[in-house]
Amino acid sequence: MNNMQLIANYVPGKSFFHRLHPSTKIIWVLGALLTVFFIKDPLIIFAFLVVVLVLIKASNTFATYRASLMLLLPIIFGLIFFQIVAPAFPKPWTPLARLGPFVLYNEGVYSALVLSLRIISVASFALLFIMTTYPGDLFTTMRMWGVPYEISFMVTTTIQLIPILQKEMNIILSAQRSRAMQASGFSALLPSIIPVFAGAIERVRQMSMTLESRAFGSSGKKTSIRQLKMGTLDYTLIILTIIALIGIFYLLWINQGFDRSQQMIFPAPAAIILFLGSIIGFFGILVLFARRIKN
Amino acid sequence: MTATNAAKEPIIRVEGLSFKYATATEKALKEINFTVFPGEYVAILGLSGAGKTTLCLSLNGIIPQMVMGEKEGRCLIKGQDTDEVPVREMAKTVGMVFDNPEYQLTQLTVEGEVALGLENLGIPYEEMLTRIKEALKVVGLEGLEERSPMQLSGGQQQRLAIAAAMAMYPEILVLDEPTTNLDPIGKEEVFEVLQRLNREKGMTIVIAEHEVEVIAEYADRVIILDRGELITNGPPAEVFNDVETISRLGLRTPQVTEFGYRLKKKGHNLPEQLPITLQDAVKKYSGVGGKK
């Protein structure tokens with residue numbers, strides 16, 4: 001309970017990804033975001049996701065990642081459900097099966113796969129970035145790029161605030177439990193949200209006062225205790241990434257984003273399984289969350 | 001002190017300072033006037049709610065810049081108005097230690113916490129390492145560099161906050177009840193550290209504190225606040241000898257002074273100026289009861 005981890009934050013380590021300069025990683029995340037959102041073939045996106053998972057495993061951040069992914073899953077299941085019955089595709093849709101009031105469409109299954117894989121893979125890559133980047137380094141990098149102080153501050157602080165909010169949540173749940181309030185399941189979660197946010201506002205206020213008192217964001221040259229340098233490896237990787245991105249976008253252009261929505265025909269049972277799976281998955285995750293809070 | 005002060009410019013000049021929090025009906029500070037000269041060690045004494053924190057926060061511009069409310073009067077730090085200079089620039093002159101230690105730790109490691117201020121001042125890497133080492137040694141946290149501040153005890157967190165402010169070598173260090181979570185020995189240590197900074201580096205120190213014994217021993221000057229008003233401002237020997245005023249405000253004098261005061265009331269012949277520290281008391285009271 002006390003180390004209930006909902007959202008990923010920095011995981012200290014010395015892996016390859018930890019050692020890369022944040023600039024390199026930011027370019028990768030932005031590149032992946034663009035690429036994945038133009039690719040329309042679920043198989044390619046799936047392959048990309050597998051690569052990301054391997055990288056996460058190699059960075060020793062898989063446990064934290066898995067915990068944060070839990071938060072994303074209800075959204076994914078919801079997305080699959082709605083896409084199958086009402087695809088984000090131009091009509092006419094090809095019906096595959098009928099389940100009570102719901103008609104399941106082939107285009108729906110296709111777009112459900114593409115959209116959910118896109119979200120999962122990009123989110124995973126972004127999480128990998130957050131988990132392997134020291135928040136202070138992110139701030140330094142953003143300032144180096146000329147991002148305004150306020151925006152750099154907002155981004156960095158938000159990431160740093162996550163563990164604080166988690167702690168606050170646990171304190172409030174314990175306090176409610178010690179006052180004999182129901183402290184398990186979702187009914188306990190709801191009344192604690194308001195105090196958590198009220199507490200969070202106070203925290204942020206105090207935090208900004210502290211940071212300003214330490215001359216954070218003041219004028220003049222800045223130094224860093226963390227010797228943050230763009231290595232030869234970083235420069236090489238950035239150049240290679242840019243070349244690769246140009247290549248990828250050329251391929252995407254001539255292949256029209258590998259759109260296979262017309263070729264891929266899904267069998268009706270697959271659509272039904274996916275559809276029911278999304279409903280079961282959605283509620284399953286909720287039950288799992290509720291049980292985790294209980295323990 | 002007074003002789004040299006005449007020649008020096010005050011480093012802090014508070015003129016008619018009043019402040020009312022946006023959510024409050026009454027003013028937290030009413031018409032405060034005082035000056036502090038470079039190298040002074042000033043203690044602010046008062047009950048909870050007397051305005052100590054408000055006064056401390058005014059000294060680097062957090063009030064009125066980051067706290068909503070109505071401010072009147074001026075607060076000048078080295079001639080610069082706290083209304084005009086952003087807190088982050090003022091931080092180069094005024095170091096600040098807040099009263100709740102946990103909230104003021106923002107970094108992932110103890111080392112990073114102390115480094116934060118130094119990074120923002122642009123201190124070169126090598127010197128940064130020396131200063132961090134020094135600051136952590138002074139507050140007794142050496143060897144914990146890689147620890148997360150969240151895993152420290154309350155007292156350790158408070159000392160870390162002091163180290164972080166101190167390492168920036170500010171000309172003025174303002175501390176708002178920095179020893180509330182410390183045990184008696186820890187308190188003593190903090191006060192000794194502050195005295196050393198004051199004597200050796202000539203750092204001006206303004207500290208809000210409850211503990212009268214330590215104030216009597218270390219401070220050059222005591223300012224007493226009561227419900228937002230400045231009641232007294234003077235050297236501790238003078239302030240603490242006014243036992244009536246102090247007890248009327250619900251505060252305490254050092255026990256040795258109280259002791260002398262009560263004896264005097266019973267008709268004992270004691271010096272006009274009562275001692276305020278234990279050492280002084282031993283000198284002044286010896287012989288009072290007669291020797292065996």
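α6 of chain A is the main contributor to the second largest pocket, giving six residues to its lining. This pocket belongs to a predicted model. Its space comes to about 610 Å³. The largest pocket has a volume of about 1,400 Å³. Both domains of chain A give residues to the lining of the second largest pocket, so this pocket lies between them. The largest pocket also lies between the two domains, because both supply residues to its lining.

**The second largest pocket**

- The lining of the second largest pocket is made of 33 residues.
- Closest to its centre are A:Gly136, A:Phe139, A:Thr140, A:Thr223 and A:Ser224.
- Four elements give two or more residues each: α6, α7 and α8 (186-213) of chain A, together with α5 of chain B.
- By residue type, the lining of the second largest pocket holds 11 nonpolar, 16 polar and six charged residues.

**The largest pocket**

- The largest pocket is lined by 49 residues.
- Which residues lie nearest its centre? They are A:Tyr10, A:Pro12, A:Tyr134, B:Leu108 and B:Thr109.
- From chain A, the helices α1 (16-19), α2 (22-38), α6 (135-144) and α7 (149-178) each supply at least two lining residues.
- From chain B, α5 (110-121) also supplies at least two.
- α7 of chain A gives the most to this lining, with eight residues.
- The lining of the largest pocket divides into 20 nonpolar, 19 polar and 10 charged residues.

**The domains of chain A**

- Chain A is divided into domain 1 and domain 2.
- Domain 1 is made of two stretches, 1-134 and 227-295.
- Domain 2 covers 149-225.
- The C-alpha centres of these two domains of chain A lie 28 Å apart.

**A:Ser15 and A:Thr132**

- A:Ser15 sits in the segment before α1 of chain A.
- Is A:Ser15 buried or exposed? A:Ser15 is buried, with a relative accessible area of 11%. The cut-off for buried is under 20%, so A:Ser15 falls within it.
- Along the chain, A:Ser15 and A:Thr132 are 117 residues apart. In space, their C-alpha atoms are separated by 8.4 Å.

**Cysteines of chain B**

- A disulfide is a covalent bond between the sulfur atoms of two cysteines.
- How many disulfides are there over all chains? The count is zero.
- Why is B:Cys56 not bonded to B:Cys75? The closest cysteine sulfur to that of B:Cys56 is in B:Cys75, and it is 11 Å away, too far for a bond. A disulfide needs the two sulfur atoms within 2.5 Å.
- Seen from the other side, B:Cys75 is in no disulfide either, and its nearest cysteine sulfur is that of B:Cys56.
- B:Cys56 counts as buried, at 1% relative accessibility.
- B:Cys75 is buried too, with a relative accessible area of 0%.

**Backbone points in chain B**

- Most residues other than glycine have a negative phi, and most peptide bonds are trans.
- The peptide bond from B:Ile63 to B:Pro64 is cis. Its omega is near 10°.
- B:Pro64 belongs to helix α3 of chain B, which covers residues 62-65.
- B:Tyr169 has a positive phi, near 45°, and is a residue other than glycine.
- Where is B:Tyr169? The residue lies in the loop between α7 (154-166) and β7 (172-176) of chain B.
- B:Tyr169 counts as partly exposed, at 33% relative accessibility.
- B:Glu177 also has a positive phi, near 40°.
- B:Glu177 is in the loop between β7 and α8 (184-200) of chain B.
- At 13% relative accessibility, B:Glu177 counts as buried.

**Confidence**

- Chain B has a mean pLDDT of 89. Of its residues, 96% reach 70 or more.
- The model scores ipTM 0.86. Its pTM is 0.76.

How values were computed
Residues are numbered from 1 along each chain as its sequence is written. Chains are lettered from A and ligands numbered from 1 in the order in which they are written. This is a predicted model: local features need pLDDT of at least 70, side-chain atom pairs count only at pLDDT 80 or more; totals for chains, interfaces and linings use all residues. Side-chain values use heavy atoms; hydrogens and water are left out. Buried means under 20% relative accessible area, exposed over 50%, partly exposed in between (1.4 Å probe, protein chains only). Domain bounds come from an automatic or database domain assignment. On a 1 Å grid over the protein atoms alone, a cavity is a set of points where a 1.4 Å probe fits but cannot get out, and a pocket is an open set with protein on both sides within 12 Å along at least five of seven lines; lining residues have an atom within 4 Å of a point. Grid points are joined across faces, edges and corners, and a volume is the space filled by probe spheres set on the points. Ala, Val, Leu, Ile, Met, Phe, Trp, Tyr, Cys and Pro count as nonpolar, Asp, Glu, Lys and Arg as charged, and the others, Gly among them, as polar. pLDDT is the predictor's confidence in each residue, from 0 to 100.
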